[in-house]
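Me: Hey, got a minute to go through this structure with me? I'd like to start with the charged side chains.

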Amino acid sequence: MKYIKLVFLGGCVGGFTFLLLEIIIRIFFPVPMEPGVSLTLNNEIPGIQSNVRYSFDGYRLRKADWDDDQEADSIRILCFGGNATTTIFQKTEDTWWGKLADRISKETGKNIEVGAMAKTSNGQFILPSVVNAEKIVKKYKPDLIVCCYGFGDTLHYEDYVYTPDKINALRKGVPRGLKYSLAKISHVMRLMRNKKTRRHLKEVWKPLNAPNYHRDLLFRDRLYYRSCPELDQMKRDENDPLNEFIDGIKAFSELAIKSECRLLVVGEPSIHNQSLAKDELSLMTSVHYPTKPVLGKGSGHRVKAETIALELQRFYAAASDYCKQNEIEWVNLHGMIPQTIEYFLGETDVTDLGASEIADKIMPAVTNIVNDL
């Protein structure tokens, strides 16, 4: 009986000590959800800066003109989107959302804080991005959400199946595993986990610091594109990805309503049109895969520029109708940015000049919203 009491007392003391340690560390050592990253990217690519400081925080957010201490006096804008938004080629001040914040601040005299979700493996699709956006919006409490998608959502695998309940399935998939869940729940465990993860990621990110890493990657992707057979048309049936695209807009709208903030939906700009010149065609890398590649890129088909242009027109017409019916602010950028090599690095990646054009085109809508806040 004596030993049982000692074991019980030891457990209580140990539990209390751990709880006290947890509280102390929570107060003095705040830990983000994930380790952040800070890299210096060197790429000799015409149209962008050769030396780019690229960083995002533990919530995968890139920031410009951001000051957590002045939240009450600032208007906070969070941007989510495809390659044109999550670009790894530009400093925050050279991105379209960085330029936009600077211009609106000068125009309105208000302090504008802007952030954008960093590049993710599934960030080119609108619906999976909502799951990431929910965490970021809850953390940073924006006044305005801007979502800019479209191009990636038109290109799905041929065996793609539309599932109306996909958003809930994605939510259930995060987090995964008991260790991961405990690491999120316990501040002490998360502190240890993030330290180990940061060491691991440091090695993973090391190749990205190599000179011209992304320039060479773009070149290889374009060679791969040209090696694929051309696809006459894209299969569309009851599993039309347009349904999922509209579901994504709906999910962002519900998120904005829940978070008591405004929403602006933007049709992502693309270089695709029905009469691309030779120089512009050389920028294309889009490949439509028959099935999801298990290892590497697998085998795919080139998609004609005019086919993608028609798909984007179809997607954005549907988005425009949905936004109008549900009183959601909408701006279509497709075809509004000059579709030439001076404005695009690739199909949706833009040059610094292209980013400036995007900022100009979105500015009237955002300025009106900011003035209403």
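Me: Is Arg236 buried, partly exposed or exposed?

Reply: Arg236 counts as partly exposed, because its relative accessibility is 26%. Buried means under 20% relative accessible area, exposed means over 50%, and partly exposed is in between (1.4 Å probe, protein chains only). Keep in mind that this is a predicted model: local features need pLDDT of at least 70, side-chain atom pairs count only at pLDDT 80 or more, and totals for chains, interfaces and linings use all residues. Residues are numbered from 1 along each chain as its sequence is written, and side-chain values use heavy atoms, with hydrogens and water left out.

Me: Which residue forms a salt bridge with Arg236?

Reply: Glu311 does, with the closest N and O atoms 2.9 Å apart. A salt bridge here is a side-chain nitrogen of Lys or Arg within 4 Å of a carboxyl oxygen of Asp or Glu. The pair links distant parts of the chain, 75 residues apart: Glu311 is in helix α12 and Arg236 in the loop between β7 and α10. Helices (H or I, at least four residues) and strands (E, at least two) are DSSP runs, numbered from the N terminus.

Me: And Glu311, buried or exposed?

Reply: Glu311 is buried, at 10% relative accessibility.

Me: What about Asp240, what does that one pair with?

Reply: Asp240 forms a salt bridge with Arg314, and their closest N and O atoms are 2.7 Å apart. Asp240 sits in the loop between β7 and α10 and Arg314 in helix α12, 74 residues apart. Asp240 is buried at 12% relative accessible area, while Arg314 is partly exposed at 28%. Salt bridges with shared partners join Arg236, Asp240, Glu311 and Arg314 into one network.

Me: How many salt bridges are there in the whole structure?

Reply: The search finds 15. One of them joins Asp232 and Lys304, with the closest N and O atoms 3.9 Å apart.

Me: OK, switching to the sheet. What order do the strands come in?

Reply: The order is β3-β5-β4-β6-β8-β11, six strands in an open sheet with mixed pairing. Two strands pair if DSSP finds at least two bridges between them. β3 and β11 are at the edges with a single partner strand each, so one side of each has no neighbour in the sheet.

Me: Which way do β4 and β6 pair, parallel or antiparallel?

Reply: They pair in the parallel sense, over five bridges. Ile77 has Leu144 in β6 as its bridge partner.
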